[in-house]
Amino acid sequence: MRKFLLSLTILFSFSSFLKAELLITQANVHIGDGAAPFTADILIRDGIIQKIASNISPQSNWEVLEANGLNVTPGLISPTSNIGMVEINALDDTRDDESSLLKSGFSLFHAFNPNSTLIPWNRSNGVTGTISSPSGSAFPFWGMGSYFLLDASMKITGLKDVAMYGRLGSSSGSRAEDILMIESLLRLAASIDLENIEDELDDSLLATKLELQPEDILAIRRLISEELPFVLETNRAADILQAIRLKETYGLNLILESVEEAPLVLTELASANIPVIIDPMDNIPDSFDELASSLDLASILDKAGIVIMFSTQRSHNYHLMRQGAGNAVAYGMNYNHAIRGMTKAVADIFRIPNRGSIAVGNYADLVIWDGDPLEPSTLPKYVYINGKNMDLNTRATRLTERYSKETDKPRVYLH
Amino acid sequence: MDGVFTQKGCEMIKSNYLVLFCAFLVVSSCGESTFQETGQKLRDQAFLSTYQPMVSENVVIVNANMFDGLGNEYKDFDILIRDGKIQEIGQNLVIDGANIIDAEGKWVTPGIIDIHSHMGVYPAPGVRTSSDGNEATAPVTAEVWAEHSVWTQDPQFVLALKGGITSFHVLPGSANLMGGRGTTFKNVPSNSIQAMKFPEAPHSLKMACGENPKRVYGSRRQSPSTRMGNMAGYRKAWIDAQEYYEDIKDGKDVKRDLKNDTLAGVLSGEITVQNHCYRADEMMMMIEMSKEFNYQIMTFHHAVEAYKVADALAENGICAAMWADWWGFKHEAYDMVPANIAIVDQARGGTGCAIVHSDDAVGIQHLNQEAAKAIAAGNQAGYNISQARAMKWITYNPAKAAGILDQTGTLEVGKDADVVLWSGNPFSVYSKAEKVFIDGALAFDREKPELNPVTDFELGILNPNNSRIES
């Protein structure tokens, strides 16, 4: 079985260098924009989607892949992950997702490890891009996340510092204090004299007490001056209203994450035009901030017109947003919106150009699935990044092969 | 009668019928086991199950597709539930005095069972004051019982019920080498833990390999701080327990010791061993230790590397309880392969015992989906695993591991009517448990939210006139 896959891989890698055109025929194409899928051929030239139409006639030198009705979606993009930043959570020396010096100004971009085992694993499950984000801290601004293409090339393709991440909710002090701090820092950042930033920080009691670096204030300033996307994790209904107030007062480009009590303030959230990142399977009232948690969350938000993206609670398996999306649909979310939430919505909201949807001119980051992409039992048959057919082997496939064979030898000799 | 009946004594008779029957007989009918006398001393007389099934109506589900939990699939079958038991399974049953539910091609399975849950001991909300799963004050706390920590208002019970869970095994956490006793429950919340306990189900002893015990105690500069310290800790405890057990068998007047009661219960076979163990090399050491002290390991839990020693597990009659795909959160979880469950299942000509477990309040609601992923991964790796076979991973096999297979875990005549009617094929993400029967009583009905259980915690908490969630 693996031999078969391997030979295809070699063929396609070979051809992706020698032949510039790939034609995928008779695919059930999910563009990623929330519209229903349709049958079409997709022509890719030099890694870019050239044409989407029915019955494109292949030229003799084109590579042709007959999809025969299989579902084709854009490569999935995780809106928050530890990919490339954390190898093993419980081992601090494999982690680069936290800073002891910087707060809001923490950029993890230069820590990205393109050889992490999380990359082939998530890619073989359909994830072609991610925003790797800092892990949570007590400070309401955690730092900035960066986008990375998961092509495992040592030449990293990414976008540095595409969004700020943070949290508002129960804390060791009062959430009133956190809101006060957020507002004070937003005002300070907006008014600060960039020429004399270090002096001004020295003069600020708050900045001194928090030991803020110039990078911290400059990053907060971007929330206002560039409308840098700000992903704020929050759950309690009253906190969601506070977040909406912050957006409106300071003109923030706000994205709310988790929002388990959003149904209680649905009208306000919908009219504030704030997209959300949710884990539709997390229906546990884990804290007193999440009492309204339920499996109906995605459906309720979707029906109110709120754009939904997906995250998962567990480490490492960011592709499981697909199972979350499937459960969201099972409980009433629109199917095509669920596909959009893993693809185009992420690219649009986090300003990742030319990716996230199957559209002419975009890079060909595509997944061809062996079934319904929202069924957990469905697996990718092919994953393309920049039009290149990616190897779907992982460390897990190597271990599986070693241990599922009959052998008289010690297994260390099987490789 | 409960007190003198020992699980082990009756299992020796090797007849399912007799085992069931034994519960109602006096001890002399149970055979000549040498454990009878010791059983009287070792088996605790306190905290026995007082579970009473809810009042049930006789029901027949017709035109159903079925996975029976034994590895079979049936199309267009009927199942008759009478007096809380499965009375008949077949086609075109003659129905007499039972409510008819037309399944219209939907699916019926046994109630789903989770062999690894911390519901109640780590309830929601996860507040410090009710986080009661680890008695992390000494590496061997075999004297504590998880059931004594269970918060009966935990809303997670009802969420699991909506996912088709009819029975679950609650374990202490894994901070300790020997963390205490685990207990199996029927998923019918009550104000008394005893009223939730699965009748006649054996206790387990929770043991833990690897990183957790050595981290918890090593960070306090106590033993164990290494894996070799772990091994020494277990063996020391077994040596003490052996002496205690021998003294009791010899009729000596021994002062009762709760810790050794539990460990001697393992040595006598009354208490199962549920052993948290990720790594293959550590599983092999635990097997060797079980031979040194002559006890049987029932299940390795979180057995991420079970696929590396699947043959040894099958040969030693040990189940592996696994996640479909969790990995990487610690080093001993680094070698996950998604075909793990399939490889364990197929070991030694398909004699392996694979279980899909959750250890998680979300996962327990979707064990069917976790099994679906494991089927796909197994088949991608070149196995040929049917859905009917995989249904055993979340029914028959966990029932066996919990010691309740004689009562539940399959659709067989005479068993407790723990039955789920699914809206579609249970391995699809779109299928939901529509009706869940426990001992024949309708414990959950998706179509009638007003009739479904709501824990005290959830009543009026966000709005005085509502429950926490309304469906």
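This dialogue covers one sheet and some of the helices in a predicted model.

Biologist: What kind of model is this, and how are residues and chains labelled?

Modeller: It is a predicted model in which local features need pLDDT of at least 70 and side-chain atom pairs count only at pLDDT 80 or more, while totals for chains, interfaces and linings use all residues. Residues are numbered from 1 along each chain as its sequence is written, chains are lettered from A and ligands numbered from 1 in the order in which they are written, and side-chain values use heavy atoms, with hydrogens and water left out.

Biologist: In what order do the strands of the sheet stand?

Modeller: Helices (H or I, at least four residues) and strands (E, at least two) are DSSP runs, numbered from the N terminus. Two strands pair if DSSP finds at least two bridges between them. Here eight strands of chain A form an open sheet, E6-E7-E8-E9-E10-E11-E12-E13, with mixed pairing.

Biologist: Which strands stand at the edges?

Modeller: E6 (76-81) and E13 (308-310) of chain A each have a single partner strand, so one side of each lacks a neighbour in the sheet. E6(A) runs parallel to E7 (residues 127-132) of chain A, joined by four bridges; Ser81(A) has Ser132(A) as its bridge partner.

Biologist: At what angle do helices H3 and H7 of chain A pack?

Modeller: Axes are lines fitted to C-alpha atoms, for helices over the stretch in contact, and angles run from 0 to 180 degrees between N-to-C directions. H3 (residues 175-191) and H7 (residues 237-250) of chain A pack at about 10°, their axes 12 Å apart.
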